[in-house]
Amino acid sequence: MAILVTGGAGYIGSHTVVELLAQGEDVVIVDNLCNSHPVSIDRVEQICQRRPIFYQADIRDKNALIEVFSKHSFTSVIHFAGLKAVGESTTIPLHYYQNNVAGTLVLCEVMAEHGVKNLVFSSSATVYGDPHTVPIVESFPTGATNPYGRSKLIVEEMLGDLYKSDNEWNIALLRYFNPVGAHKSGLIGEDPNGIPNNLIPYITQVAVGRLAQLSVFGDDYNTVDGTGVRDYIHVVDLAKGHLKALAKLDAKAGLVTYNLGTGQGYSVLEMLNAFEKVSGKTIAYQISPRRPGDIAACYSDPSLAKQELNWQAELNLDDMAEDSWRWQQGNPNGFAS
């Protein structure tokens, strides 16, 4: 019996695969490599001394998925595959709905046809939209402000309808905040294609000279220094949360929703300063206009995950900055290095 990880060659997926293999699980990855690199799977093998089975396939390709399911007996699926950039989603929204919504629909159809009904879904704090207050708890109203967040919210609602129609399903909706950091080995980390859409890889690429300067989008928010505040969580802590969610589903949890975050918000400039401290580098930046769909502050109340999953974030801001820098220094051009 194995666990299927869609998008398992990607940033969060590869770190989760490492934790699964370390726990002794058999892992199968399906990834179309549109925003990931096959070398990440070699690096996972290097870390774990075990290699996950890998299929290069798109989850929207039903025949390809059926072939994978016909070759393996799966107990559960962890579903990461999808596009994930807020800014990009406002320029190509149909592409986001096609990947994130239609892809999940095909995946669930194939799961149902093969009697696999345990699913951990990679959702996002963006489903809360512009929250009326922080910290954010799971019972807050939802309402995304951009196509990326809306695609996640649509999938959450779709999975809720699926559970209502057939309560043999066990589904965990994990709403996570801003993953950063890398594995302690420095062998795997965040390696976006093209110009990074997320803060920390942008900072680290400026630090190694790949990019000239960081654009800070907006300095007039109602925050500690005018820049946007987010809840940054170490990717290894986040990966471990998925294992806790799998264990919850094994106990026939039904439909459950959890925030995975630290409960602490940091501004863009606070993150930049933390990175400068651990790297010894000065990060050039310029203030740019706000991006459409961005909000002032977003951080979690993660107490429900602590109570029901026995999970909480353990790594701090220094760990996030140090591990990000170790990864980028050792891999200045990402996996292409």
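Here is a short conversation about salt bridges, cores, cavities and backbone features in this predicted model.

Reader: Hello! How many salt bridges does the count come to?
Author: Welcome! Side chains of opposite charge can pair when their charged atoms come close. Here the cut-off is a Lys or Arg side-chain nitrogen within 4 Å of a carboxyl oxygen of Asp or Glu. By this rule, the number of salt bridges is 17.

Reader: Which residue forms a salt bridge with aspartate 42?
Author: Aspartate 42 is partly exposed, at 35% relative accessibility. Its partner is partly exposed too, at 43%. The closest N and O atoms of the pair are 2.9 Å apart, and the partner is arginine 51.

Reader: What separates glutamate 67 and lysine 71 in helix H3?
Author: The side chains of these two residues meet in a salt bridge, at 3.3 Å from N to O. Glutamate 67 is partly exposed, with a relative accessible area of 45%. Because glutamate 67 and lysine 71 are four residues apart in helix H3 (residues 62-71), what separates them is about one helical turn.

Reader: Are arginine 175 and glutamate 156 buried or exposed?
Author: Their side chains form a salt bridge, 2.7 Å from N to O. This pair links distant parts of the chain, with arginine 175 in strand S6 (residues 170-176) and glutamate 156 in helix H6 (residues 147-165), 19 residues apart. To count as buried, a residue needs under 20% relative accessible area. Both arginine 175 and glutamate 156 are buried.

Reader: Which residues are linked in a network of salt bridges?
Author: Salt bridges can also join up beyond a single pair, as a network here shows. Its members are Lys184, Asp319, Asp323 and Arg326.

Reader: Which element gives the largest share of the largest nonpolar core?
Author: In soluble globular proteins, nonpolar side chains tend to be buried together. The largest nonpolar core here has 39 residues, and Leu20, Val120 and Leu174 have the most contacts inside it. Several elements give two or more residues to this core, including strand S1 (2-6), helix H1 (11-22) and helix H8 (235-250). The largest share, seven residues, comes from H8.

Reader: Which residues does leucine 20 touch, not counting residues up to four places away in sequence?
Author: Leucine 20 is one of the residues with the most contacts inside the largest nonpolar core. Beyond its sequence neighbours, leucine 20 touches Ile3, Val5, Glu25, Val27, Ile78, Leu243 and Leu246.

Reader: What space lies in the largest cavity?
Author: Rolling a probe the size of a water molecule over the atoms shows where empty space is left. The structure holds three cavities of 30 Å³ or more. The largest cavity is lined by residues including Tyr11, Glu190, Trp327 and Gln328, and its lining divides into four nonpolar, four polar and one charged. The space in this cavity is about 60 Å³.

Reader: Which element gives the most to the lining of the second largest cavity?
Author: About 40 Å³ of space lies in the second largest cavity. Among the residues lining this cavity are His79, Phe121, Ser151 and Lys152. Helix H5 (93-113) and H6 each supply at least two residues of the lining. With three residues, the element that gives the most is H6.

Reader: Which residue does a cis peptide bond join to valine 134?
Author: Valine 134 sits in the loop between strand S5 (118-124) and H6, and its partner in the bond lies in that loop as well. Omega of the bond is about 5°, and the residue joined to valine 134 is proline 135.

Reader: What residues is valine 134 in contact with, leaving aside its neighbours within four places in sequence?
Author: Valine 134 counts as partly exposed, at 25% relative accessibility. Its C-alpha atom is separated by 6.3 Å from that of tyrosine 299, although the two are 165 residues apart along the chain. The contacts of valine 134 are Ala297, Cys298 and Tyr299.

Reader: Is leucine 33 buried or exposed?
Author: Leucine 33 lies in the loop between S2 and H2, and its phi is near 65°, a positive value in a residue other than glycine. Its relative accessible area is 17%, so leucine 33 is buried.

Reader: And is lysine 252 buried or exposed?
Author: Lysine 252 is found in the loop between H8 and S11. Its phi is also positive, near 60°. With a relative accessible area of 63%, lysine 252 is exposed.

Key: Residues numbered from 1 in each chain as written. Predicted model: local features only at pLDDT ≥ 70, side-chain atom pairs only at ≥ 80, totals over all residues. Heavy atoms only, no water. Buried < 20%, exposed > 50% of the residue type's maximum accessible area, 1.4 Å probe, protein only. Contact = heavy atoms within 4.5 Å. Core = buried A, V, L, I, M, F, W, Y, C linked by side-chain atoms within 4.5 Å. 1 Å grid on protein atoms, 1.4 Å probe; cavity = no way out; pocket = protein on both sides within 12 Å on 5 of 7 lines; lining within 4 Å. Points joined across faces, edges and corners; volume = space filled by probe spheres on them. Nonpolar A, V, L, I, M, F, W, Y, C, P; charged D, E, K, R; others polar.
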